[in-house]
Amino acid sequence: MPYGRRMSSRPAAGGGRWVEVDPARVARWVEGFADRHGPPSTTVEDYGLLLAAPDGATAELHTPPGAPASVDVPGFVAAAGAPRRLGLLLARKGAVAVGVADGTELVVSKVDTRYVQGRTAAGGWSQQRFARRRDNQAKAALGDAVELAVRLLLPAAATLAALVCGGDRRAVDTVLADRRLAPLAALRADRLLDVPEPRHAVLVAAVGAARAVHVLVRDPERDTPTG
């Protein structure tokens, strides 16, 4: 979910659109889908629930990180909105933010920023020295991120329903590659949050993004081009 937004919509690869809904609004969203397309049938899928309306429109309700699977819409709504503890790991360039959310509240948080030089157009030996210096700065920043995760997230691993990451995937992968963080890596959700450089406000907003319900909507009438 884009930073700072409680609900958003974006085109989906292969057609349709992704809608990201706050758990408290899921029941209302499903009611609106039924009003627009007719009462849907419900099928249990690996990702969550598939709603298929009489007019051909479908909505895939994807179970949010850490929530249990459900066999019907009421169960899905209850599971999505229920309090659960989530770990958060946001990493991008020289900044990292880690936290633990209990329900919608951020109960543990820490942000660390280390300077990493930007790119330069210089060439020759100067460019090579600059690149080595920049790589070393980036490695040091990721090392700090690992130690932060070990100190704050690892002790909470046994209480977490899932670990939700955000930012740069390569940076996150590098942090979680540390052997000490294997218990956290095992809890990692598929979802990768799209966040700017981690700051405390970004970490707070990430709680809602981590709990949001992702819905893939396909509407034949809307998705079919007209000539």
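Q: Which residue is the bridge partner of Ala101 in strand 8?
A: In this predicted model, Ala101 has Leu106 as its bridge partner in strand 8.

Q: What makes strand 7 and strand 8 (residues 105-113) a pair?
A: Pairing requires at least two bridges between the strands. Strand 7 and strand 8 have eight bridges, in the antiparallel sense, so the requirement is met. The two strands form a hairpin with two residues between them, and Gly103 in the turn has a positive phi of about 70°.

Q: How do you know that strand 6 (residues 85-92) and strand 7 pair?
A: They are joined over eight bridges in the antiparallel sense, against a cut-off of at least two. Within strand 7, Ala97 stands opposite Leu90. Strand 6 and strand 7 also form a hairpin with two residues between them; here Lys93 in the turn has a positive phi of about 55°.

Q: Why is strand 7 (residues 95-102) called largely enclosed?
A: Seven of its eight residues are buried, so the rest of the structure largely encloses strand 7.

Q: Why is His62 called buried?
A: The relative accessible area of His62 is 19%. Buried means under 20%, so His62 is classed as buried. His62 belongs to strand 5 (residues 58-62).

Q: What makes the pair His62 and Glu60 a polar contact?
A: Their side chains meet at 3.1 Å, and the cut-off for such an N or O pair is within 3.5 Å.

Q: Which residues does His62 touch, not counting those up to four places away in sequence?
A: His62 touches Trp18, Tyr47, Phe76, Val213 and His214.

Definitions and conventions. Residues are numbered from 1 along each chain as its sequence is written. This is a predicted model: local features need pLDDT of at least 70, side-chain atom pairs count only at pLDDT 80 or more; totals for chains, interfaces and linings use all residues. Side-chain values use heavy atoms; hydrogens and water are left out. Helices (H or I, at least four residues) and strands (E, at least two) are DSSP runs, numbered from the N terminus. Buried means under 20% relative accessible area, exposed over 50%, partly exposed in between (1.4 Å probe, protein chains only). A polar contact is a pair of N or O atoms within 3.5 Å; within protein, one must be able to donate a hydrogen and the other to accept it, and residues adjacent in sequence count only if both atoms are side-chain atoms. Contact means heavy atoms within 4.5 Å.
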